[in-house]
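Today's notebook page is about a ligand and the protein around it. Here is what I looked up, entry by entry.

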Amino acid sequence: MNASKEDARSWLGNAQSIAVLTGAGVSAESGIPTFRGAGGLWRNFRAEDLATPEAFAENPDLVREWYQWRRAAVRKAAPNPAHYALAKLERCKRGFLLITQNVDDLHERAGSRNVAKLHGAIMIDRCIQCQREREAGDQDNCECGGRLRPGVVWFGEALPEREFLRAAAAVEKCDVLLVVGTSAVVYPAAGLIPSATFHRAKVIEVNLEETPFSANVDCSLRGLAGEILPDLLPDS
Ligand code: OAD
């Protein structure tokens, strides 16, 4: 059964503990392109073509150029009403974890504090040799001579263990999982959605389009995150 927006609002209001899973759609209204769907391609490449260790080994200049383009979009962007609504929701609840697949920093800039970043941070570079991290700049190489790479998780790489364990634990004990702006096709992040259902949480999905989980969640809301989320806040 697809419950109403009013039901979703009351679940959020009554919940002791909330987990939120966000994806690129939450930053789309801030002008940061998504990976899939309309406007989701850079030139003719898919994320799966560029966001891999193999692509970086074969063509580091191309991969770096893609990241510089994405970093420029993040620098220009500001949080939108969806980011602000999630930061406000966190302030109303004791048990709250925002789990994001996004590598931008818009949740933090909107005021979210308890954030598990499953796919790393795009504004960080890491040396593939000495592993030292630094703010991303124009340099290609570390002082040690190693090549610098973006501090993000690529396809085929493991997620940061601590972040994923925090996310999995929050999903197992939450009363409500709110899933926003993710196509829910990239694992293990997408696996958090059936995990919440298995652990008897209510699952609310906010997305412009249908996802593989839309038919199974408790409430699937179609539309812009920046319009729907402010309206879902318990006291609004
Ligand atoms: P995707 O680009 O796959 O999906 C974005 C989702 O957001 C789609 O389902 C859209 O329908 C939805 N959407 C777009 N604009 C929206 C809006 N204004 N309001 C609500 N929904 C909106 O992005 P992710 O699911 O985040 O990983 O992608 C998952 C991972 O795949 C990324 O973290 C990245 C990527 O490759 C890595 O690079 C490892």
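I began with the ligand's place: it lies between domain 1 (1–32 + 79–118 + 159–236) and domain 2 (33–76 + 121–152), because both give residues to the shell around the ligand. The domain bounds come from an automatic or database domain assignment.

A note on the source: this is a predicted model, where local features need pLDDT of at least 70, side-chain atom pairs count only at pLDDT 80 or more, and totals for chains, interfaces and linings use all residues. Residues are numbered from 1 along each chain as its sequence is written, and side-chain values use heavy atoms, with hydrogens and water left out.

Next I checked how the domains meet. Their centres, taken over C-alpha atoms, are 26 Å apart. In contact (heavy atoms within 4.5 Å) are 13 residues of domain 1 and ten residues of domain 2.

Which residues are the closest to the ligand? I found Phe 35, Arg 36, Thr 182, Ser 183 and Asn 207, out of 23 that surround the ligand, each with a heavy atom within 4 Å of it. By class, I noted ten nonpolar, ten polar and three charged residues in this shell; Asp, Glu, Lys and Arg count as charged, Ala, Val, Leu, Ile, Met, Phe, Trp, Tyr, Cys and Pro as nonpolar, and the others, Gly among them, as polar.

Then I looked at polar contacts (pairs of N or O atoms within 3.5 Å). A polar side-chain atom of Thr 182 is 2.6 Å from a ligand oxygen atom. Ligand nitrogen atoms pair with a backbone N or O atom of Ala 225 at 2.9 Å and with one of Leu 208 at 3.4 Å. Taken alone the ligand exposes 790 Å², and the protein buries 94% of that (Shrake-Rupley method, 1.4 Å probe).

Conventions
Polar contact = N/O pair within 3.5 Å; in protein donor to acceptor, adjacent residues only side chain to side chain.
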